[in-house]
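Colleague: Got a minute to go through this model with me?

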Amino acid sequence: MDYEAQIQKNQFRTEEYKINLGPQHPATHGVLRLNLTIDGEIIKRVEPDLGYIHRGIEKMCEYDSYPQIIHLTDRMDYLSSHNNNEAVALAIEKALEIEVSGRVKYIRTIVGELTRLASHQLWWGVMGMDLGALTTYFYGFRDRELINDIFEETCGARLTMNYTVPGGIRYDIHKNFVKRVKDFITHFKTKLPEYDQLLTGNIIFEKRMKSVGILSKEDAISYGVSGPVARGSGVVSDIRKIKPYSAFAIQDIDFKEPLYTEGDAWARYKVRIDEMWESMKIIEQLIDNIPEGNIKEPTKAVIKLPKGEYYQRVETARGELGVYINSTGGKSPYRMKFRSPGFSNLSALEHMAVGSKIGDLVAMMATLDLVVPDIDR
Amino acid sequence: MTNQQLQDLINTWFENLDFTEEATEFLTVTVPKENLHELAKKLKSDKQTQFDYLFCETGIDWGKTLGVIYHLRSTSLKHEMVVKVETDDRENASIDTVCDIWRTAELHEREIHDLFGIEFNNHPNMEVLILPPDWDGYPLRKDYVDEVNMIIR
């Protein structure tokens with residue numbers, strides 16, 4: 001018997017009321033506040049209230065030099081910090097018409113894919129935790145630690161790496177880098193099937209994910225979602241294939257863009273698991289063939305971009321990050337805009353959530369993989 | 001469609017639109033704000049254009065006026081273009097919403113409303129999204145001054 005009919009039969013009345021989810025709620029992974037209008041347990045409206053970690057990065061950019069801006073972008077989506085850095089560096093290089101060496105392109109791509117792996121490991125861990133499976137958290141963090149160690153050895157930082165500079169990378173890779181990355185891939189290939197054993201095949205987990213938070217293909221396009229969320233709804237959206245950059249532009253790399261048509265939380269989960277396999281495949285194709293070359297092309301001490309508008313996209317772990325630079329020829333941009341994947345993905349949340357229960361909202365948010373500093377900027 | 005074909009097609013819909021490809025990789029059209037909604041609707045629904053994916057919506061301060069920049073892509077036909085629109089002035093800046101055409105615009109326009117003070121006509125919910133409700137001024141405008149929180153070199 002459906003809910004409405006039950007109300008009719010039992011003659012009891014319910015009324016709508018509002019509750020806050022966040023800004024201090026473990027399932028929002030940061031300071032996201034959702035104003036929920038609910039009736040019993042059924043969600044009627046979801047109104048995001050943002051700004052709890054808004055730092056005005058776009059305004060700060062208007063007063064900073066271009067190399068300084070790269071550092072700021074670490075603090076947007078901190079789990080895709082390298083990809084963010086790369087996007088700004090590529091935009092600057094596009095404007096200055098600098099062609100970086102093949103070595104830089106390979107290293108940037110390998111580090112970018114490692115960042116994506118680390119981000120998906122963390123996502124997998126905390127998503128299991130959100131739905132009540134605490135063990136996943138330790139599995140995810142255990143394996144992510146190995147990637148962080150590799151980063152630490154090469155560039156001195158584990159999370160906000162600042163490895164990219166306009167015209168190249170800051171340092172050459174550490175002499176252990178290649179070996180450690182290979183060891184990690186060998187290790188993680190035995191661990192990823194464990195993830196499936198632990199969570200993917202679990203009947204409780206499956207029931208909480210399937211047919212939850214459905215986003216059709218048309219809606220996914222209209223809401224401008226990108227990355228794994230779009231691919232879960234069957235939208236081809238991988239920037240690495242649509243607008244190849246770095247090593248994807250110079251090398252024919254064999255990897256699939258995982259696509260599912262269901263559009264539910266389960267499809268988004270499967271996309272990310274598949275993406276981890278694909279990322280490992282990409283790294284394996286590149287790691288043995290890193291060409292020799294300069295690690296940094298010379299740039300002027302004060303970088304000034306020619307007058308014009310520049311737009312650069314990269315695929316971060318969350319989707320399409322767009323960097324829009326409007327330059328008037330000065331040492332700072334006239335206007336800088338970051339099209340962050342999280343912000344657009346969040347816009348689809350209300351559409352997904354209306355009519356479902358609060359517990360399902362947590363599953364939806366987990367599979368949207370929201371990083372709040374990326375939404376607020 | 002190539003940029004030239006797109007330009008020719010749009011020219012058959014509206015007269016005297018300002019096209020440019022200078023200093024940008026996209027075909028860029030500047031549209032008067034009265035025609036924005038009609039053009040947007042056509043760009044999405046026309047069989048030959050099918051711009052169904054609004055991937056970036058940017059507010060910008062042009063000095064005397066404010067503006068909005070729309071980056072569009074067609075997921076089926078793979079072409080891309082940029083639409084620019086300008087307000088009449090700074091004081092009563094208003095533009096028609098496009099969130100009935102591309103639903104992602106709803107949040108983007110609320111963000112632009114907060115930070116630039118552009119009103120979007122016919123928008124379902126123009127409440128503040130990012131700033132506190134009692135915030136004074138529009139932080140991303142060029143003439144915004146906050147002596148306490150801004151470090152200006």
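Modeller: Sure, we can take the sheet, then the contacts between chains, then some backbone angles.

Modeller: This is a predicted model: local features need pLDDT of at least 70, side-chain atom pairs need 80 or more, and totals for chains, interfaces and linings use all residues. Residues are numbered from 1 along each chain as its sequence is written, and chains are lettered from A and ligands numbered from 1 in the order in which they are written.

Colleague: In what order do the strands of the chain B sheet come?

Modeller: The order is 1-2-5-4-3, in an open sheet of 5 strands with mixed pairing. Strands here are DSSP E runs of at least two residues, helices are H or I runs of at least four, and both are numbered from the N terminus. Two strands pair if DSSP finds at least two bridges between them.

Colleague: Which strands stand at the edges?

Modeller: Strand 1 (18-20) and strand 3 of chain B. Each has a single partner strand, so one side of each lacks a neighbour in the sheet. Neighbouring strands are turned by 20° against each other on average, direction ignored.

Colleague: How many bridges join strand 4 to strand 5 of chain B?

Modeller: 7 bridges, between residues 66-73 and residues 80-86, running antiparallel. Tyr70(B), for one, has Val83(B) in strand 5 as its bridge partner.

Colleague: And what does helix 3 of chain B lie across?

Modeller: Strand 3 and strand 4 of chain B, at about 10° to strand 3. Axes are lines fitted to C-alpha atoms, for helices over the stretch in contact, and angles run from 0 to 180 degrees between N-to-C directions.

Colleague: New topic. How many residues of chain B are in contact with chain A?

Modeller: 24, against 28 residues of chain A. Contact means C-beta atoms, placed from the backbone, within 7 Å.

Colleague: Which element of chain B gives the most?

Modeller: Strand 3, with 6 residues. Strand 3 (53-61) and helix 3 (105-116) are the elements giving two or more.

Colleague: What is the residue mix on that side of chain B?

Modeller: 14 nonpolar, 5 polar and 5 charged. Ala, Val, Leu, Ile, Met, Phe, Trp, Tyr, Cys and Pro count as nonpolar, Asp, Glu, Lys and Arg as charged, and the others, Gly among them, as polar.

Colleague: Now the backbone. What is odd about Asp369(A)?

Modeller: Asp369(A) has a positive phi of about 55° although it is not a glycine. Asp369(A) sits in the loop between helix 16 (358-368) and helix 17 (372-376) of chain A.

Colleague: Is Asp369(A) buried or exposed?

Modeller: Buried, because Asp369(A) has 28 C-beta neighbours inside 10 Å. Buried takes 20 or more other C-beta atoms within 10 Å, exposed 12 or fewer, and partly exposed is in between, with C-beta atoms placed from the backbone.

Terms used:
Two residues are in contact if their C-beta atoms, placed from the backbone, lie within 7 Å.
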